[in-house]
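Me: I've got a protein model here and I'd like to talk it through in plain words. Can we go step by step?

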Amino acid sequence: KAQNYQTIQLFKNKYQLTAPLLNSTKGSDLINYNWTVKNKTQNKVDNFNGKTINYDFDVSGTYEIEITPMVNNKNLNSFQITIICN
C-alpha cells in the first residue's frame with residue numbers, strides 16, 4: 001500500500017495496481033478512477049479507467065502515477081505516487 005506522494009521501488013515486471021478505494025456515502029454513488037501513468041524515461045503517457053489496472057513496468061526508470069477518483073462524474077483530489085523501476 002503506497003501512501004499519497006510516496007516513492008517506491010519495484011523490479012521490472014507486470015503488476016496489478018489497485019486505486020485507494022472510496023466508500024459510497026449514499027450507497028448509490030457512481031465511483032470510477034482515472035489513471036495516468038507517465039514513463040519519464042521514454043516520455044510516454046498511458047491512460048486507464050477502473051479500480052484496478054494491469055501495467056508492465058518493462059523499462060528501468062521513473063514512472064509517475066496519478067489516480068483521480070470520480071464520484072458521480074465529479075473529480076476529487078488526485079492520488080500520486082512515483083515508482084522507480086530497476
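Reply: Sure, let's start with a term: two strands pair if DSSP finds at least two bridges between them. Strands (E, at least two residues) and helices (H or I, at least four) are DSSP runs, numbered from the N terminus. This is a predicted model, where local features need pLDDT of at least 70, side-chain atom pairs count only at pLDDT 80 or more, and totals for chains, interfaces and linings use all residues. Residues are numbered from 1 along each chain as its sequence is written, and side-chain values use heavy atoms, leaving out hydrogens and water.

Me: In which sense do S1 and S8 pair?

Reply: S1 covers residues 7–10 and shares 4 bridges with S8. One detail here is that Leu10 has Cys85 as its bridge partner in S8. The sense of the S1 and S8 pairing is parallel.

Me: And how many bridges join S6 to S8?

Reply: These two strands run antiparallel. Glu64, for instance, is matched with Thr82 in S8. The number of bridges joining S6 to S8 is 7.

Me: Which side chains of S8 point to the buried face?

Reply: Buried means under 20% relative accessible area, exposed over 50%, and partly exposed in between (1.4 Å probe, protein chains only). Side chains alternate along S8, and Gln80, Thr82 and Ile84 point to the face that is not buried. That leaves the other face to Phe79, Ile81, Ile83 and Cys85.

Me: Which strand gives the most to the largest nonpolar core?

Reply: A nonpolar core is a set of buried Ala, Val, Leu, Ile, Met, Phe, Trp, Tyr and Cys residues joined through side-chain atoms within 4.5 Å. The largest one has 16 residues, and Ile83 is among those touching the most other members. Strands S3, S5, S6 and S8 each give two or more residues. The top giver, with 4 residues, is S8.

Me: Which residue meets Glu64 in a salt bridge?

Reply: A salt bridge is a side-chain nitrogen of Lys or Arg within 4 Å of a carboxyl oxygen of Asp or Glu, and the count comes to 1. Glu64 is partly exposed at 31%. Its partner, at 4.0 Å (N to O), is Lys40.

Me: How are the ring planes of Phe57 and Tyr63 arranged?

Reply: Rings of Phe, Tyr and Trp (its six-membered ring) pair if their centres lie within 6.5 Å; planes under 30 degrees apart count as stacked, over 60 as edge-to-face and the rest as tilted. Phe57 is buried, at 0% relative accessibility. The Phe57 and Tyr63 centres are 4.8 Å apart and the planes sit at 85°, so the arrangement is edge-to-face.
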